Amino acid sequence: MKRLLENTIGHRYFLLGVRIVLGFIFVFASIEKITQPEEFAKAITNYRLLPHAAVNLFAIGLPWVELLAGLFLILGLLVRGSSLLLTFLLSLFALAIAISLARGLDISCGCFGTASARKVGWTALGEDLLMLLGSLLLCYFRHTFLALETYLGRNFRATDVALPR
C-alpha cells in the first residue's frame, strides 16, 4: 500500500504540480490583500473571531506571510517549512470558515481579497481542505524535484539553517 501511495500521490511530477499550484494560489491571494489592507481588515473583522486590536496586525502581516510561503513553494526553497506553515494557516482558515458556517454568518470569505467577493460556504471550506491536503502531502513526501534548494546544495535546507553544526 505504501508503495502504491509513493507511486501515485508521492510521484515527483504530482508533487511538483501540487507545489506550483499551491504556491501560485497563495501568491495570487496575497497580492490584493497587500495592496488593500483596510479591505482585508474588514473581511477579518466580519468573522468576529479576533480581538479588534489584533485585526490590523493580521491584515498587514498575514498577506506577506502568504506571499513569501507561496514564492518559496514556487521556487522550491524551504519547501517543507513553507508547506508546514501553510498547513497551519489552512487549518486556521478552515476552522474560521467552519465556525462562520455554524454561526450562520453571511460574509465574504476574504480569501482572495475583495476581487472575488466570495461568500463563506461549503465550497470555500472544501477548497481550503483540499489545499490543506496538498500542503500535508508536501510535508510528508520528499519533494526535491526541480526545487531550487536542491541546486543550492544541502546547506540551504531549513534544518541546517536552524541547527548549528
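1. Starting with H4, since a good part of the story runs through this helix: its buried residues are Ala-54, Val-55, Ala-59, Leu-62, Pro-63, Glu-66, Leu-67, Ala-69, Gly-70, Leu-73 and Ile-74. Bear in mind that this is a predicted model.

2. What do those buried residues pack against? For H4, the partners are helix H2 (12-35), helix H3 (37-47), helix H5 (79-103) and helix H6 (122-140).

3. On geometry, H4 covers residues 52-75, 24 residues in all, and spans 36 Å from first C-alpha to last, close to the 34 Å expected. There is a bend of about 35° at Phe-58, though. Just past the end of H4, Gly-76 has a positive phi of about 80°.

4. Now the largest nonpolar core, which has 21 residues; Leu-22, Phe-26, Leu-73, Leu-86 and Leu-138 are the ones touching the most other members. Two or more residues come from each of H2, H3, H4, H5 and H6, and H4 contributes the most, with five. As a general point, nonpolar side chains in soluble globular proteins tend to be buried together.

5. Phe-26 deserves a closer look. Setting aside neighbours within four places in sequence, Phe-26 contacts Glu-66, Leu-67, Gly-70, Leu-86, Leu-90, Phe-93 and Met-131. Among these, Glu-66, Leu-67 and Gly-70 also appear in the list of buried H4 residues.

6. One last item: a separate core of 11 residues lies apart from the largest one, with Tyr-47, Ala-96, Ile-97 and Cys-111 among its members.

Key
Residues numbered from 1 in each chain as written. Predicted model: local features only at pLDDT ≥ 70, side-chain atom pairs only at ≥ 80, totals over all residues. Heavy atoms only, no water. Helix = DSSP H or I, 4+ residues; strand = E, 2+ residues; numbered from the N terminus. Expected span 1.5 Å × (residues − 1). Bend = angle between axes of the 7 residues up to and from the residue. Buried < 20%, exposed > 50% of the residue type's maximum accessible area, 1.4 Å probe, protein only. Contact = heavy atoms within 4.5 Å. Core = buried A, V, L, I, M, F, W, Y, C linked by side-chain atoms within 4.5 Å.
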